[in-house]
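Colleague: Could you take me through one part of this model up close? I'd like to see how a pair of helices packs together, and then how that sits in the rest of the chain.

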Amino acid sequence: MPVPLYLLAVAVFAMGTSEFMLAGLLPDIASDLDVTVGTTGTLTSAFAAGMIVGAPLVAALARNWPRRSSLLGFILAFAAAHAVGAVTTSFPVLFASRVVAALANAGFLAVALTAAATLVSPDKKGRALAVLLSGTTVATIAGVPGGSVLGTLLGWRATFGAVAALCLPAALGVLKGIPAGRDEDEATGRPALRAELAQLTRPRLILVMLLGALVNAATFGSLTFLAPVVTDSAGLGELWISVALVLFGAGSFVGVTVAGQLSDRRPGPVIAVGGPLLLIGWPALAMLADEPVALFILVFVQGALSFALGSTLITRVLYEAAGAPTLAGSYATAALNVGAAVGPVIAAATLNTEAGDLGPLWASGLLVAVALLIAFPLLTTITADRSTEVLQ
């Protein structure tokens, strides 16, 4: 894989750390800025909303910019937003900084996904996506726990500052690793914006975006509320929450890596085998949550299966959106983040039911079941090779 792909993954690592780090910082932020924890929780919603809206919007605005300039600008805007967040004493300013950070993150990821696909041959998009998304999975393994420890030792502002600092080597990497000037496809012509947006009317593209969103909703629904499962259902101390998160992240890294080798040429088996296993895994985790050993094993397995299936479906989005060369990454980003935003909302609604803390796990199983009911009758359509298809 080209070196620039790994440089892009460093930036994705920093942004992934920021996206997930608030889970362990909300109480301290609330206390410091004199607001309720519930109010502070809107910072997460602001980031998710900014990602969903920002992906297609910012990608459309930046479609005529050179990729290196776009990527560098988004990284620096992301770093600046975190620098402001690290020093502000105003919650509205912090809220606004999260929106700006989300827009920058969405723009970067949308352009990076498209850039990653163009850095490799058409039949290696899945492998390129796996390298890029490895930044997110490594963030769950190292970045988020590290940010939590840093916040505990030095305060939440130090974590924001660290994310800003982490963006600087990533920016240098983009500056050194991504070619300057316009890309070859810009020189030879590209579809008009209206033509790229028209791709969203294609049923196959809508289908794979929906499936990717459903699987990601299941993933983030359970991941968001994993902490009470560890402390209440399994009866373990708070230290074990970090262990569970690291195991989930390690599993996700394995899943993305393995799927990256298969999702281009053999996406069908990944969906046909990984989908049912993922479906079985969520109820199994709910039923065995009071057994710590089984809990941790299943957390690792579910992380691997979730990201293997999810990354394969998002790869299919890039294939199906090949007729939108500058916006394909934004469509994939939007699908990912619709799931990330909707999943925790659905999972939260189950907490007050008889299922209690295990409700999100059952909800995740239901979301995967819906995805498979849609996917299996259309599996041939979903996994058909479009890489050589004449674009319309």
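Modeller: Sure, let's start with helix α1 (residues 3–21) and helix α5 (residues 67–87), whose axes come within 12 Å and cross at roughly 30°. Keep in mind that this is a predicted model. Angles under 35 degrees count as roughly parallel, so α1 is roughly parallel to α5. Their crossing is left-handed. Now look at who touches whom: α1 brings Leu 8, Ala 11, Ala 14, Met 15, Ser 18 and Met 21, and these meet Leu 71, Ile 75, Phe 78 and His 82 of α5. Sort that contact by class and you get 8 nonpolar, 2 polar and no charged residues.

For a second pair, turn to helix α11 (residues 203–224) and helix α16 (residues 328–349), which pack at an angle of about 40° with their axes 6 Å apart. That angle makes α11 oblique to α16. Here the crossing is right-handed. On the α11 side, the contact includes Leu 205, Met 209, Ala 213 and Phe 220, while α16 offers, among them, Tyr 331, Gly 339, Gly 343 and Pro 344. The classes in this contact are 12 nonpolar, 5 polar and no charged.

Zooming out, the protein chain has 18 helices and 0 strands. Of its 392 residues, 54% are buried. If you take the contacts with a separation of 6 or more, 84% of them link residues 24 or more positions apart. As for the outside, the accessible surface comes to about 15700 Å², and 70% of that belongs to carbon and sulfur atoms.

Notes
Residues numbered from 1 in each chain as written. Predicted model: local features only at pLDDT ≥ 70, side-chain atom pairs only at ≥ 80, totals over all residues. Heavy atoms only, no water. Axes fitted to C-alpha atoms, helices over the stretch in contact; angles between N-to-C directions. Helix = DSSP H or I, 4+ residues; strand = E, 2+ residues; numbered from the N terminus. Parallel < 35°, antiparallel > 145°, perpendicular 65-115°, else oblique. Left-handed = near helix turned anticlockwise from the far one by under 90°. Contact = heavy atoms within 4.5 Å. Nonpolar A, V, L, I, M, F, W, Y, C, P; charged D, E, K, R; others polar. Buried < 20%, exposed > 50% of the residue type's maximum accessible area, 1.4 Å probe, protein only. Areas by Shrake-Rupley, 256 points an atom, 1.4 Å probe, with all protein chains shown as cover.
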